[in-house]
Amino acid sequence: MKMRKMMTVTGLALASVGLLTACGAKSQDSKSGPKKVTFATVGTTAPFSYVKDGKLTGYDIEVAKAVFKGSDKYKVTFKKTEWSSVFTGIDSGKYQMGGNNISYSTERAQKYLFSYPVGTTPTVLTVPKNSDIQTYDDIAGHKTQVVQGTTTAKQLDNYNKKHSDHPVVLKYTSENITQMLTNLNDGKADFKIFDAPTVNAVIKNQGLDNLKTIPLQSKEQPKIYFIFGQDQKDLQQFVNKRLKALQKDGTLTKLAKENLGGNYVPSKKELVLPTDN
């Protein structure tokens, strides 16, 4: 009788332990799940990141959505913020990832991890349709608006050093590209050098019918990337693997045509990490 009672008590004890273990496992499982990724962007720079019909969209946004679609490892949310806050937020760990027509630079590479390129941004020379500027060689003596510290400003400053006898007139401004192209359309400047996807989007959206673009040839097309915090190597690898798949199955091409107005997509051999070489 006592032996049966002891066996019953022991059984109950074991059952209780099993129940507690199961509850503990369930509790632990409930805390697991996809890792949260906050993707920082500006949300005001069409066609890469902007708000349409109350929703955040654009090429960078739609590519990021495609990257994380169906993932059980990561769940992405998007956060609009100021341009400088994209970087400071990643610095502080507030954001894990960022994208907003971001180019590679040595300075950025010292602080952030880069994805494979998500798109190409070939440069165009934008002029009024009746302009006498037909090629890059014709810009001497003409005026343009530039923002201090930008790639275009540095490019034209170097141009002026080589053409000091007939330099370009640089008018420094804090206006955005939409305002600068509108000024160009209104005859307040002679040309503007900028990336093709942005220029095409602004001309279309703003109805700047007086403007035309002239492609500028270069050995290598400029590219844009996603960036990550230095502690996000697993996330970087996940994103790069997905970018390869999206390039291969044509998703990147589809999104580029829908958002950028052309096939501004890196080739398979260009899907590598950026370097200074």
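Helices (H or I, at least four residues) and strands (E, at least two) are DSSP runs, numbered from the N terminus. This is a predicted model, in which local features need pLDDT of at least 70, side-chain atom pairs count only at pLDDT 80 or more, and totals for chains, interfaces and linings use all residues. Residues are numbered from 1 along each chain as its sequence is written, and side-chain values use heavy atoms, with hydrogens and water left out.

**Exercise 1. Backbone around β3**

Task: State where Asp53 lies and what its phi is.

Solution.
Step 1. Asp53 is placed in the loop between β3 and β4 (55–57).
Step 2. The phi of Asp53 is positive, about 55°, although this residue is not a glycine.
Step 3. Most residues other than glycine have a negative phi, and most peptide bonds are trans.
Step 4. The bond from Ala46 to Pro47 is a cis peptide bond, with omega near 10°. Pro47 belongs to the loop between β2 (44–45) and β3 (49–52).

**Exercise 2. The sheet that contains β3**

Task: Determine the order of the 3 strands in this open sheet and identify which strands stand at the edges.

Solution.
Step 1. Two strands pair if DSSP finds at least two bridges between them.
Step 2. The order is β2-β3-β4, and the pairing is antiparallel.
Step 3. β2 and β4 are at the edges; each has a single partner strand, so one side of each lacks a neighbour in the sheet.
Step 4. Between β2 and β3 there are 2 bridges. In one pairing of residues, Thr44 has Tyr50 in β3 as its bridge partner.
Step 5. Helix α2 (residues 59–68) lies across β3 and β4 and runs at about 90° to β4. Axes are lines fitted to C-alpha atoms, for helices over the stretch in contact, and angles run from 0 to 180 degrees between N-to-C directions.

**Exercise 3. The two helix partners of α2**

Task: Describe how α2 packs against α9 (residues 251–259) and against α8 (residues 233–248).

Solution.
Step 1. Two packed helices are described by the angle between their axes and the distance between the axes.
Step 2. The axes of α2 and α9 come within 10 Å and cross at roughly 155°. α2 is therefore roughly antiparallel to α9. Angles under 35 degrees count as roughly parallel, over 145 as roughly antiparallel, 65 to 115 as roughly perpendicular and the rest as oblique.
Step 3. The crossing of α2 and α9 is right-handed. A crossing is left-handed if the near helix is turned anticlockwise from the far one by less than a right angle, and right-handed if clockwise.
Step 4. Tyr59, Glu62, Val63 and Ala66 of α2 meet Thr251, Leu252, Leu255, Ala256 and Asn259 of α9, where contact means heavy atoms within 4.5 Å. The α2–α9 contact has 6 nonpolar, 2 polar and 1 charged residues. Ala, Val, Leu, Ile, Met, Phe, Trp, Tyr, Cys and Pro count as nonpolar, Asp, Glu, Lys and Arg as charged, and the others, Gly among them, as polar.
Step 5. For α2 and α8, the axes come within 9 Å and cross at roughly 100°, which means that α2 is roughly perpendicular to α8.
Step 6. From α2, Val63, Ala66, Val67 and Phe68 meet Leu235, Phe238, Val239, Arg242, Leu243 and Leu246 in α8. This contact of α2 with α8 divides into 9 nonpolar, no polar and 1 charged residues.

**Exercise 4. The sheet that contains β9**

Task: Set out the order of the open sheet that contains β9, and name the helices that pack on it.

Solution.
Step 1. This sheet has 3 strands in the order β12-β9-β13, paired antiparallel.
Step 2. β12 (192–195) and β13 (211–215) stand at the edges with a single partner strand each, so one side of each is without a neighbour in the sheet. From one strand to the next, the twist averages 35°.
Step 3. Strand β9 (residues 123–128) is joined to β12 by 4 bridges. Thr123 stands opposite Asp195 in β12.
Step 4. Helix α6 (residues 177–185) packs on the sheet and touches β9, β12 and β13; its direction makes about 140° with that of β12. Helix α7 (residues 196–206) also packs there, touching β9, β12 and β13, with about 110° between its direction and that of β12.
Step 5. α6 and α7 pack at an angle of about 65°, their axes 10 Å apart; α6 is therefore roughly perpendicular to α7.
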